[in-house]
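Colleague: I'd like a close look at the enclosed spaces in this one. Please go through what surrounds them, and then carry on into whatever parts of the fold they lead you to.

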Amino acid sequence: MAYEIDFLPVGDSYGDAIVVRYGDETSGYYLHVVDGGRSDTGQTIINHIDRFYPGYFIDHMILSHADNDHACGLIDVLRRFDVKNLWMNRPWLYANEVIQHFHGNYTLAGLIDEMKKRHPYLVELENIAESKGTQIHEAFQGNCIGRFRILAPSRHRYVDLISEFEKTPTSYRAEYRAPSQLGLLRSLKEQAMKRLEEAWDVETLSDNPQPPTSASNESCIVQYAELDNRGVLLTADVGPEGLTEAADYANALNLRMPGFVQMPHHGSRHNVTPAVLDRWLGPRKAKGTVIGTAFCSVGANKPEYPRGQVKNAFIRRGFKVFANREKWISHYSGNGHPGVVPIEPEEFDSNVEAQ
């Protein structure tokens with residue numbers, strides 16, 4: 001089965017915009033769009049599909065989580081193309097299960113209205129999909145999206161996170177994600193250091209990153225597929241909690257270790273730990289070993305990403321790291337895209353910035 005996984009540029013700041021095609025001449029090809037960056041990234045996706053996949057409809061459009069830098073660009077793409085299925089989680093659908101966590105005298109209808117008010121781009125995606133006959137799906141652990149399977153979040157964990165989203169009313173559970181005292185001490189120690197010296201056998205990536213990954217990012221849809229006998233893992237902005245939940249589920253299904261991985265949250269050091277990387281990528285390898293590929297979506301004006309500690313951690317475990325920045329990059333099996341200039345991988349950095 002041939003495939004192309006294209007990471008498109010997202011402008012100067014943050015965001016993800018991924019176009020995946022897989023299939024063959026016999027069974028046909030399928031188009032899978034994951035996230036859309038900010039509003040101006042929508043046209044980038046449209047131009048890419050028009051250039052390389054003219055006449056295609058989108059089988060599956062996936063919004064990994066409800067942040068602007070992933071959601072807003074999908075609006076124009078949904079308007080422009082025939083999209084068969086839209087996968088996204090809308091927090092107001094679970095308002096009756098979380099209403100007890102919120103301050104104020106909310107009625108159920110009032111809480112739903114407030115959640116929609118704080119997520120106007122989700123409401124717009126919902127309205128466009130309904131007007132065009134696109135089927136909208138919840139996206140939870142165990143669901144299959146074409147050849148991809150959702151490994152996280154479970155429905156239970158997603159609902160449990162809703163009250164801590166930044167775009168929901170203030171909840172009674174603010175202490176839920178407060179940094180631990182031990183975590184604060186580690187964070188202060190790291191902040192006191194100007195630079196960290198890494199070597200191949202010295203890893204400074206934190207086991208307990210502080211502050212922890214936000215609840216919204218921990219709610220990200222984590223997807224896995226096996227394409228042409230290679231495991232493909234798409235992580236969006238997920239953090240250690242979601243990656244651990246996904247790894248537990250992958251282990252229960254006896255899935256093979258991925259050969260292609262999306263580096264979570266643009267290479268932030270708050271989203272991975274050595275332990276969770278060991279679970280997904282295996283232990284650290286001998287210098288020069290290459291067993292896989294990692295892509296990182298990075299804004300053109302964010303040269304500090306991916307963070308050196310994170311990049312080094314992937315390289316140590318045998319994964320070459322590539323960042324798109326101002327260009328688009330493609331990982332593929334088969335012929336790929338003709339005329340695409342390859343980008344050099346990121347290099348190991350022994351002198352990296354601390355907190």
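Modeller: Sure. There are three cavities of 30 Å³ or more in the structure, and bear in mind that this is a predicted model.

Start with the largest cavity, which holds about 70 Å³ of space. Around it you'll find Leu 63, Ser 64, His 65 and Ala 66, then Met 88 and Asn 89, and finally Tyr 158, Phe 165, Ser 219 and Ile 221. By class that makes six nonpolar and four polar residues, with no charged ones.

The second largest cavity has about 60 Å³ of space. Its lining takes in Leu 233, Thr 235, Leu 243, Val 261, Gln 262, Pro 264, Val 272, Val 276, Leu 277, Trp 280, Leu 281 and Phe 314. Ten of those residues are nonpolar and two are polar, and again none is charged. Helix H11 (274–281) and strand E12 (258–262) each put in at least two residues, and H11 gives the most, with four.

That strand takes us into the sheet. E12 belongs to an open, seven-stranded sheet with mixed pairing, in the order E7-E8-E10-E11-E12-E13-E14. The edges are strand E7 (144–145) and strand E14 (319–323); each has a single partner strand, so one side of each goes without a neighbour in the sheet. Further in, strands E8 (148–152) and E10 (222–227) pair antiparallel over three bridges, and Ile 150 sits opposite Gln 223 of E10. Helix H10 (240–252) lies across these two strands, running at about 125° to E8.

A few backbone details turn up in the loops around here. Ala 236 has a positive phi of about 55° even though it isn't a glycine, and it is in the loop between strand E11 (230–234) and H10. Between strand E13 (292–296) and helix H12 (308–316) there's a loop that contains Pro 306, and the peptide bond from Tyr 305 to Pro 306 is cis, with omega near -5°. Another cis bond joins Gln 210 and Pro 211, with omega about -5°; Pro 211 is in the loop between E9 and H9.

That E9–H9 loop also matters for the aromatic contacts, where the count comes to 14 pairs. One of them is Trp 200 with Phe 348, a tilted pair at 5.3 Å centre to centre with 40° between the planes. Trp 200 is in the loop between strand E9 (195–197) and H9, while Phe 348 is in the loop between strand E15 (329–333) and strand E16 (351–353), so the pair links distant parts of the chain, 148 residues apart.

H9 brings me to the open counterpart of those cavities. The largest pocket has a volume of about 340 Å³. It is lined by 19 residues, and those closest to its centre are Asp 67, Glu 166, Ser 214, Ser 216 and Asn 217. Helix H2 (68–71) and helix H9 (215–218) are the elements that give two or more residues to that lining. The make-up here is three nonpolar, ten polar and six charged residues. Set that against the two cavities I described: there are no charged residues in the lining of the largest cavity, and none in that of the second largest.

Conventions. Residues numbered from 1 in each chain as written. Predicted model: local features only at pLDDT ≥ 70, side-chain atom pairs only at ≥ 80, totals over all residues. Heavy atoms only, no water. 1 Å grid on protein atoms, 1.4 Å probe; cavity = no way out; pocket = protein on both sides within 12 Å on 5 of 7 lines; lining within 4 Å. Points joined across faces, edges and corners; volume = space filled by probe spheres on them. Nonpolar A, V, L, I, M, F, W, Y, C, P; charged D, E, K, R; others polar. Pairing = 2+ DSSP bridges. Contact = heavy atoms within 4.5 Å. Axes fitted to C-alpha atoms, helices over the stretch in contact; angles between N-to-C directions. Phe/Tyr/Trp six-rings, centres within 6.5 Å; stacked < 30°, edge-to-face > 60°.
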